Amino acid sequence: ETGGINAMMVDSTALPEQAVRDVLASAFQSAGQRCSALRILYVQHEARARLVEMLAGAADALVIGDPWDPATDVGPVIDTDAEAGLAAYVAHPPGPIVKSLPAPGGGRFIGPAMLDVPGIAALEREVFGPVLHLAGFGTSRLEDTITAINARGYGLTFGLHTRIDERVERIT
């Protein structure tokens, strides 16, 4: 298994524009159908409202459509089973929908979705598509958050946006 529930953390010192760029690219390019795609984003409570607002605004600019068109950001999913499974998941998510984009007709498209969850434990499995789960963390719970991510037992990638060198060392 080369996939997993890949996580990223963004703390309050991160540059939000860089974080938003990286989150959208990792979660939604290739319609979220890469083993290394971002599945859950943890944002420090103090930065959460602003970052989520920026993510939602930037998501509105995503182009969903034909992958042969260079302007396309999000293409179709691989097959009808994937389309049906992802549509069912988003229709009955594990938490509130923060943002959901409509899918164009005429293909196996799933509009990117951002779902609010309490943490990685709420994800029963890897959702292989353009679905991003959002969770928060407080600085006093940083170790608990890392422990929860590691407890899942698998994850191909991990991302971190911070400007604190000691935090990078501590988390890695």
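**Reading helices and strands**

Colleague: Let's start with helix α3: which exposed residues does the face turned away from its buried side carry?

Modeller: On that face of α3 you will find the exposed residues T80, D81 and A91. Please keep in mind that this is a predicted model.

Colleague: And how do I read the other side of a helix? Which residues of α3 are buried?

Modeller: Start with the general idea. An α-helix has 3.6 residues a turn, so residues three or four places apart point the same way. In this structure, A82, L86, Y89 and V90 are the buried residues of α3. These residues cover an arc of only 95° around the axis, so they lie on the same side of α3.

Colleague: What covers that buried side of α3?

Modeller: The cover includes β3, β4 and β5. Helix α3, residues 80-91, lies across these strands and runs at about 35° to β5.

Colleague: Could we zoom in on one residue? Is V90 buried or exposed, and which residues does V90 touch beyond four places away in sequence?

Modeller: V90, in helix α3, has a relative accessibility of 14%, and because buried means under 20%, V90 counts as buried. Beyond its neighbours up to four places away in sequence, V90 touches I97, A113 and V131. For a sense of distance, A61 is 29 residues from V90 in sequence, and their C-alpha atoms are 20 Å apart.

Colleague: How do I check the length of a helix, and what span should α3 have?

Modeller: Compare the expected span with the distance between the end C-alpha atoms. With twelve residues at 1.5 Å a residue, α3 should span 16 Å, and its end C-alpha atoms are 16 Å apart, so the two agree. Helix α1, residues 16-28, passes a similar check: its 13 residues reach 18 Å from first C-alpha to last, close to the 18 Å expected.

Colleague: What do I find at the start of α3, and what comes just after α1?

Modeller: At the start of α3, a side-chain oxygen of D79 comes to within 3.2 Å of the backbone nitrogen of D81. Just after α1, S30 takes a positive phi of about 60°.

Colleague: Now the sheet, please. How many strands form it, and in what order?

Modeller: First, the general idea: strands of a sheet pair through backbone hydrogen bonds, either parallel or antiparallel. Here six strands form an open sheet, ordered β3-β4-β5-β2-β1-β6, with mixed pairing. β3 (97-100) and β6 (158-161) are at the edges with a single partner strand each, so one side of each has no neighbour in the sheet. On average, neighbouring strands are turned by 20° against each other, direction ignored.

Colleague: In which sense do β4 and β5 pair?

Modeller: β4 (residues 113-116) and β5 (residues 131-137) pair in the parallel sense, over four bridges. One pair to look for is L115 with its bridge partner H133 in β5.

Colleague: Which strands does helix α2 touch?

Modeller: Helix α2, residues 45-59, packs on the sheet and touches β1, β2, β3, β4 and β5. The direction of α2 makes about 135° with that of β2.

Colleague: One last residue: R39 in strand β2. Is R39 buried or exposed, and what does its side chain contact?

Modeller: R39 is buried, with a relative accessible area of 1%. Its side chain has a polar contact of 3.1 Å with the side chain of E126. A polar atom of the R39 side chain also lies 3.1 Å from the backbone oxygen of V127.

Methods:
Residues numbered from 1 in each chain as written. Predicted model: local features only at pLDDT ≥ 70, side-chain atom pairs only at ≥ 80, totals over all residues. Heavy atoms only, no water. Pairing = 2+ DSSP bridges. Helix = DSSP H or I, 4+ residues; strand = E, 2+ residues; numbered from the N terminus. Axes fitted to C-alpha atoms, helices over the stretch in contact; angles between N-to-C directions. Contact = heavy atoms within 4.5 Å. Buried < 20%, exposed > 50% of the residue type's maximum accessible area, 1.4 Å probe, protein only. Expected span 1.5 Å × (residues − 1). Arc of directions from axis to C-beta. Polar contact = N/O pair within 3.5 Å; in protein donor to acceptor, adjacent residues only side chain to side chain.
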